[in-house]
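Q: I'm new to this structure and would like a close look at a single part of it. Please start at one side chain and follow it through to the metal site, then on to whatever surrounds that.

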Amino acid sequence: MISRRHVVIAGALLPVSNLLAQTCGVLTPRQTEGPFFKSNTPLRITLIEPGSKAPRLVVSGQVLTSGCKPVKGALLDFWHADETGDYDTRGFRYRGHQFADAEGRYRLETIVPAEYPGRVRHIHVKVQAPGGPVLTTQLYFPNEKGNQRDGLFRPELVIKMAERNQGGFDFVVPA
Ligand code: FE
């Protein structure tokens, strides 16, 4: 049993406010949408194609305002290259949108996208609070050789990988 006293001490040791300030004080940087965006994507959490043998990836996190409030029902629209570095420009493979839950949480299940000429591994996304402006950006992967050679790469946009194929990223959007 954890006493109130222990909870208070644990809270004092854990710099939660500092962590939050890092996560949600600053808007997520914007990036170009690139040439492969398509609207009207399917509503779905998993983009994994049946039969794909590519390594799986789960990215989850929260959509927050710069005031650190969760954005209930935020729209997240993801798209990325397939396991060979190609975008589906005819259909909607590796494209999908979803809405954050009441706590602003989202979860994307997909594959690890391949690099393609000129670009390091990345995932495109548009995030929008209900009634707010669209924030277009890209997410990157830690410890990729190509990160420093890609002129668009920004360390603030790196997915925080907890395990090999599970990562987290919180978006901070204008509301
Ligand atoms: Fe791209």
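**From a ring pair to the iron ion**

A: F36 makes a handy starting point: this side chain is partly exposed, with a relative accessible area of 28%. Keep in mind as you look around that the model is predicted.

Searching the whole structure turns up seven aromatic pairs. In one of them, the ring centres of F36 and Y87 are 4.4 Å apart and the planes sit at 15 degrees, so the pair counts as stacked. The cut-off behind that word is simple: planes under 30 degrees apart are called stacked. The pair also ties together distant parts of the chain, because F36 is in the loop between α2 (16–24) and β1 (56–65), while Y87 is in the loop between β2 (75–79) and β3 (95–99), 51 residues apart. Unlike the partly exposed F36, Y87 is buried, with a relative accessible area of 10%.

Now stay with Y87, since its OH is one of the atoms that coordinate the iron ion. Which other residues hold the iron ion? Y116 also brings an OH, and H122 and H124 each bring an NE2, with distances of 2.0 to 2.1 Å across the set. As for the angles, the four donor atoms subtend 92 to 157 degrees around the iron ion, and that makes the arrangement irregular. Here is the reasoning: four donors would count as tetrahedral if all angles lay between 85 and 135 degrees, and 157 degrees at the upper end of the range falls outside that window, so tetrahedral is ruled out. For reference, the ideal angle for four tetrahedral donors is 109.5 degrees.

Read along the chain, the donors follow the spacing Y-x28-Y-x5-H-x1-H. Two of them, Y87 and H124, join distant parts of the chain: Y87 in the loop between β2 and β3, H124 in strand β5 (residues 122–128), 37 residues apart. H124 is buried, with a relative accessible area of 1%, and Y87, as noted, is buried too.

The loop that carries Y87 has more to show. D82 and R93 meet there in a salt bridge, at 3.2 Å from N to O, and although both lie in the loop between β2 and β3, they are 11 residues apart. Side chains of opposite charge can pair when their charged atoms come close. D82 counts as buried at 5% relative accessibility, whereas R93, at 33%, counts as partly exposed. Y94 is in this loop as well. Y94 has a positive phi of about 60 degrees despite not being a glycine. That catches the eye because most residues other than glycine have a negative phi. Y94 is buried, at 2% relative accessibility.

Go back to the loop that carries F36 and you'll find N40 there, between α2 and β1. N40 is another residue other than glycine with a positive phi, near 60 degrees, but N40 is exposed, with a relative accessible area of 70%.

Charges meet rings in this model too. K38 lies over the face of F92, 4.2 Å from the ring centre, and K126 lies over the face of F37, 4.6 Å from the ring centre. Ring pairs also link F78, Y106, F169 and F171 into a cluster.

What about salt bridges beyond D82 and R93? There are six in the structure, including one between E109 and R107, whose closest N and O atoms are 2.8 Å apart. E109 is partly exposed at 25% relative accessible area, and R107 is partly exposed at 38%. Another joins R154 and E156, with the closest N and O atoms 2.5 Å apart; R154 counts as partly exposed at 34%, as does E156 at 40%.

To put the site in its setting, step back to the protein chain, which has two helices and nine strands. From the N terminus they run α-α-β-β-β-β-β-β-β-β-β. Of the 175 residues, 45% count as buried. Among contacts with a separation of 6 or more, 71% are between residues 24 or more positions apart. The stacked rings of F36 and Y87, 51 residues apart, are one link between distant parts of the chain, and Y87 with H124 at the iron ion is another.

Technical notes
Residues numbered from 1 in each chain as written. Predicted model: local features only at pLDDT ≥ 70, side-chain atom pairs only at ≥ 80, totals over all residues. Heavy atoms only, no water. Phe/Tyr/Trp six-rings, centres within 6.5 Å; stacked < 30°, edge-to-face > 60°. Helix = DSSP H or I, 4+ residues; strand = E, 2+ residues; numbered from the N terminus. Buried < 20%, exposed > 50% of the residue type's maximum accessible area, 1.4 Å probe, protein only. Lys NZ or Arg CZ within 6 Å of the ring centre and 35° of its normal. Donors = N, O, S within 2.8 Å, 3.2 Å for Na, K, Ca; no water. Tetrahedral: all angles 85-135°; square planar, octahedral: opposite > 155°, others 65-115°. Salt bridge = Lys/Arg side-chain N within 4 Å of Asp/Glu carboxyl O. Contact = heavy atoms within 4.5 Å.
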